[in-house]
Amino acid sequence: SRSMSDVKDEVIRLAQKGYQEVVLTGIHLSSYGVDFKDSDHNLLSLIQSIHQVDGITRIRLGSLEPRIITEKFAQGLKECDKVCPHFHLSLQSGCGETLKRMNRKYTTEEYRKALAILRNTFEHPALTTDVIVGFPGETEEEFEASRAFVEEVNFFETHIFKYSRRQGTKAAAMEGQLTEAVKAQRSDEFLALNEQRESEYENAMVGKE
């Protein structure tokens, strides 16, 4: 992790050049600070530090892991009124069995709890995610479980990706590789749901600032 002072110095320089909005991003953003040996700095303390920079009016966050979303973390964000209530929590699949094959370290229940915390803390937060369809071994039942979960938790926006086989990865060697036709059909179903949810969320914002 970059030091907090280094990040803050960059934000100050950007603010002095007239920038008003910054996005904190990283490959494992939720793990910011865990590699600091003699510091308790973490993502929330970094956000709180940047919140103090004059000229910055908006702070956004990149993709988060669901396990970072606790009551304390969410309340800390709410107290920083420059933080935009837009949270991207990568899901990949709404089916527990598929998540296990993907070697994801969270469950659908943990994910559902994280979204509930955000909704209880913020009014109408924009919740977005990523979903992969056609992962090796994804049965029709698993796909339906994933689609039903995404429909239930009601995202503002869902980014849909068709699984792409890449040589050298564990998934490439798995049995149950799906055809492109099946992946396209499943992608289309998610895209239709995404279009509906986007429209519903945006219509609910009409007349608001």
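At what angle do the axes of helix H2 (residues 43–50) and helix H3 (residues 71–78) cross, and within what distance do they come? In the predicted model examined here, the two axes come within 10 Å and cross at roughly 5 degrees. With angles under 35 degrees counted as roughly parallel, H2 and H3 are therefore assigned to that class. On the H2 side the contact is made by Leu43, Leu44 and Ile47, while H3 contributes Lys72, Phe73, Gly76 and Leu77. Divided by class, the residues of this contact comprise five nonpolar, one polar and one charged.

The overall arrangement provides the setting for this pair. The secondary structure of the protein chain comes to seven helices and five strands, and these elements follow one another from the N terminus in the order α-β-α-β-α-β-α-α-β-α-β-α. The C-alpha trace spans about 55 × 45 × 30 Å along its principal axes, and buried residues account for 45% of the 209 residues in the chain. Among contacts between residues at least 6 apart in sequence, 79% join residues at least 24 apart.

A second helix pair is formed by H6 (140–153) and H7 (180–204), which pack at an angle of about 10 degrees with their axes 11 Å apart. That angle makes H6 roughly parallel to H7. The contact draws on Glu140, Phe143, Ser146, Arg147, Val150 and Glu151 of H6, and on Arg186, Glu189, Phe190, Leu193 and Arg197 of H7. By class, the H6 and H7 contact contains four nonpolar, one polar and six charged residues, whereas the contact of H2 with H3 has five nonpolar, one polar and one charged.

Helix H5 (residues 108–121) was considered next. This helix has 14 residues and reaches 20 Å from its first C-alpha to its last, close to the 20 Å expected at 1.5 Å a residue. Its buried residues are Thr108, Tyr111, Ala114, Leu115, Ile117, Leu118 and Thr121. An α-helix has 3.6 residues a turn, so residues three or four places apart point the same way. The buried residues of H5 pack against H3, strand S3 (86–88), helix H4 (96–101), strand S4 (126–133) and helix H6.

Within H5, Tyr111 was examined individually. The relative accessibility of Tyr111 is 0%, and the residue therefore counts as buried. When residues up to four places away in sequence are not counted, Tyr111 touches Pro66, Leu89, Ser90, Leu91, Tyr106, Thr128, Thr129, Phe149 and Phe155. Tyr111 and Ser1, which are 110 residues apart in sequence, lie 25 Å apart in space from C-alpha to C-alpha.

Two loop residues other than glycine have a positive phi value, namely Gln92, with phi near 75 degrees, and Asn103, with phi near 65 degrees. Gln92 is placed in the loop between S3 and H4, and Asn103 in the loop between H4 and H5. Their accessibilities fall in opposite classes: Gln92, at 10% relative accessibility, counts as buried, whereas Asn103, at 52%, counts as exposed. A further loop residue, Arg166, is found between strand S5 (157–162) and H7, and with a relative accessible area of 59% Arg166 is exposed. From C-alpha to C-alpha, Arg166 is 26 Å from Ser30 in space, the two being 136 residues apart in sequence.

Finally, the cysteines were inspected, and a search of the whole structure finds zero disulfides. The reason in the case of Cys80 is distance, because the closest cysteine sulfur, in Cys84, is 12 Å from the sulfur of Cys80, too far for a bond, given that a disulfide requires cysteine sulfur atoms within 2.5 Å. Correspondingly, Cys84 is in no disulfide, the nearest cysteine sulfur being that of Cys80 at 12 Å. Cys80 is buried, with a relative accessible area of 6%, and Cys84 also counts as buried, at 11% relative accessibility.

Terms used
Residues numbered from 1 in each chain as written. Predicted model: local features only at pLDDT ≥ 70, side-chain atom pairs only at ≥ 80, totals over all residues. Heavy atoms only, no water. Buried < 20%, exposed > 50% of the residue type's maximum accessible area, 1.4 Å probe, protein only. Axes fitted to C-alpha atoms, helices over the stretch in contact; angles between N-to-C directions. Helix = DSSP H or I, 4+ residues; strand = E, 2+ residues; numbered from the N terminus. Parallel < 35°, antiparallel > 145°, perpendicular 65-115°, else oblique. Contact = heavy atoms within 4.5 Å. Nonpolar A, V, L, I, M, F, W, Y, C, P; charged D, E, K, R; others polar. Expected span 1.5 Å × (residues − 1).
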